[in-house]
Amino acid sequence: MSKAPMILDHPLVQHKVSLLRDKSTGTKEFKELVGEIAMLLCYEATRDLPTKEVEIETPIAVAKSHVLAGRKLALVPILRAGLGMVDGMLSLLPAAKVGHIGMYRNEETLEPVEYYCKLPSDIAERDVLLLDPMLATGGSACDAITQIKKRGARSIKFLAIIAAPEGLAKVHEQHPDVDIYVAALDEKLNENGYIVPGLGDAGDRIFGTK
Ligand code: PRP
Ligand code: URA
């Protein structure tokens with residue numbers, strides 16, 4: 001069941017990721033870029049949504065055309081940084097429901113600490129798109145996926161902007177059924193668990209807290 005992660009090599013994505021990495025990019029632009037990249041990741045991650053044929057009257061003739069077949073979706077950002085991806089995703093998926101999982105990494109152990117979880121009550125019937133710009137050790141993503149599965153969801157995709165090989169391997173190993181979409185795969189983690197070269201602390205850069 002386990003598949004290789006989808007790494008978006010589109011020029012627009014690469015360009016935007018480069019701007020995001022730049023330490024001189026300020027909070028406003030950083031937040032906008034996270035939203036735009038999320039939209040492009042969303043485009044790729046929803047490629048397999050089912051459609052059905054409908055007839056539409058154009059001003060000229062009747063056309064056989066396709067619309068989404070009504071699959072229910074849920075977006076679940078991992079707080080805080082995942083919040084930065086929600087609006088971009090909702091601009092393409094306005095009917096999706098949004099759940100939230102709050103997690104932060106213990107700075108010494110790098111283990112995730114969960115402090116909040118509120119998901120749509122019918123999450124078990126929804127296809128879940130889990131959002132976090134950074135996949136570093138993979139601890140936060142793995143715990144978030146476990147929480148979502150505990151509530152009955154069976155179809156989960158994880159969307160990140162930058163991933164480290166260590167995080168990808170961990171999610172792959174613990175949750176081989178979860179498809180992963182990333183905009184860039186970086187070299188490694190440093191001794192503090194930051195992605196190298198990465199972009200620094202995504203939450204701080206989105207919310208201007210440093
Ligand atoms: C960041 C990021 C991920 C996590 C990734 O969050 O947004 O959730 O680290 O690291 P991991 O793969 O090693 O678990 P952080 O803990 O900084 O919390 P914040 O978004 O609230 O600042
Ligand atoms: N979380 C971040 O925000 N950045 C990293 O490089 C690693 C974890």
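This section describes the annotated domain, the nonpolar cores, the ligand surroundings and the unusual backbone geometry of a predicted model.

The UniProt record, an unreviewed entry, places the feature "domain: Phosphoribosyltransferase" at residues 8-209. Over residues 8-209, helix accounts for 34% of the chain and strand for 31%. The C-alpha atoms at the two ends of this stretch are 29 Å apart.

The interior was examined next. The largest nonpolar core comprises 37 residues, and Leu159 and Ile161 have the most contacts inside it. At least two residues of this core are supplied by each of helix H1 (11-21), helix H2 (27-45), strand S4 (73-79), helix H3 (83-92), strand S8 (127-131), strand S10 (155-163), strand S11 (179-185) and H6. Helix H2 provides the largest share, with eight residues. A second core, separate from this one, has 25 residues, including Ala74, Ile101, Leu130 and Val171.

Beyond residues up to four places away in sequence, Leu159 touches Leu41, Cys42, Ala45, Met85, Met89, Leu129, Leu130, Leu131, Asp132 and Tyr181. Lys157 lies in strand S10. Lys157 has a relative accessible area of 11% and is therefore classed as buried, the limit being under 20%. Its side chain and that of Asp48 are joined by a polar contact of 2.9 Å. With residues up to four places away in sequence again left out, Lys157 touches Ala45, Asp48, Val128, Leu129, Leu130, Val178, Asp179 and Tyr181.

Under the heading "binding site", the unreviewed UniProt entry lists Arg80, Arg105, Asp132, Pro133, Met134, Leu135, Ala136, Thr137, Gly138, Gly139, Ser140 and Asp201. From this set, the lining of the largest pocket takes in Arg80, Arg105, Asp132, Met134, Leu135, Ala136, Thr137, Gly138, Gly139, Ser140 and Asp201.

Two of the listed positions were considered individually. Gly138 is located in the loop between strand S9 (134-135) and helix H4 (139-150). With a relative accessible area of 4%, Gly138 is buried. Apart from its neighbours within four places in sequence, Gly138 is in contact with Gly167, Lys170 and Val171. Asp201 is located in the loop between strand S13 (195-196) and helix H6 (202-207). Its relative accessibility is 26%, so Asp201 counts as partly exposed. Apart from its neighbours within four places in sequence, Asp201 is in contact with Arg80 and Tyr194. The contact with Tyr194 includes a polar contact of 3.2 Å between the two side chains.

Two ligands are described here in turn. Around ligand 1 there are 15 residues, of which Arg105, Asp132, Thr137, Gly138 and Ser140 come nearest. A side-chain N or O atom of Thr137 is 2.5 Å from an oxygen atom of ligand 1. For Ser140, a polar side-chain atom lies 2.6 Å from an oxygen atom of this ligand. Ala136 places a polar backbone atom 2.9 Å from an oxygen atom of ligand 1.

Ligand 2 is surrounded by Arg105, Met134, Ala136, Gly193, Tyr194, Ile195, Gly200, Asp201 and Ala202. An oxygen atom of ligand 2 lies 2.8 Å from a backbone N or O atom of Ile195. A polar backbone atom of Gly200 is 2.8 Å from a nitrogen atom of ligand 2. A polar backbone atom of Ala202 is 2.8 Å from an oxygen atom of the ligand.

The backbone geometry was also inspected. Most residues other than glycine have a negative phi, and most peptide bonds are trans. The bond joining Leu79 and Arg80 is a cis peptide bond, with omega of about -5°. Arg80 is found in the loop between S4 and H3, and this residue is among the binding-site positions listed by UniProt. The peptide bond from Val196 to Pro197 is also cis, with omega near 0°. Pro197 sits in the loop between S13 and H6, and Asp201 is likewise placed in the loop between these elements.

Although Leu110 is not a glycine, its phi is positive, at about 65°. Leu110 occupies the loop between strand S6 (100-105) and strand S7 (112-118). Its relative accessibility is 18%, and Leu110 therefore counts as buried.

Terms used
Residues are numbered from 1 along each chain as its sequence is written. Chains are lettered from A and ligands numbered from 1 in the order in which they are written. This is a predicted model: local features need pLDDT of at least 70, side-chain atom pairs count only at pLDDT 80 or more; totals for chains, interfaces and linings use all residues. Side-chain values use heavy atoms; hydrogens and water are left out. UniProt positions are given in the numbering used here, feature names are shortened, and annotations may be inferred rather than shown by experiment. On a 1 Å grid over the protein atoms alone, a cavity is a set of points where a 1.4 Å probe fits but cannot get out, and a pocket is an open set with protein on both sides within 12 Å along at least five of seven lines; lining residues have an atom within 4 Å of a point. Helices (H or I, at least four residues) and strands (E, at least two) are DSSP runs, numbered from the N terminus. Buried means under 20% relative accessible area, exposed over 50%, partly exposed in between (1.4 Å probe, protein chains only). Contact means heavy atoms within 4.5 Å. A polar contact is a pair of N or O atoms within 3.5 Å; within protein, one must be able to donate a hydrogen and the other to accept it, and residues adjacent in sequence count only if both atoms are side-chain atoms. A nonpolar core is a set of buried Ala, Val, Leu, Ile, Met, Phe, Trp, Tyr and Cys residues joined through side-chain atoms within 4.5 Å. A residue is near a molecule or strand if one of its heavy atoms lies within 4 Å of it.
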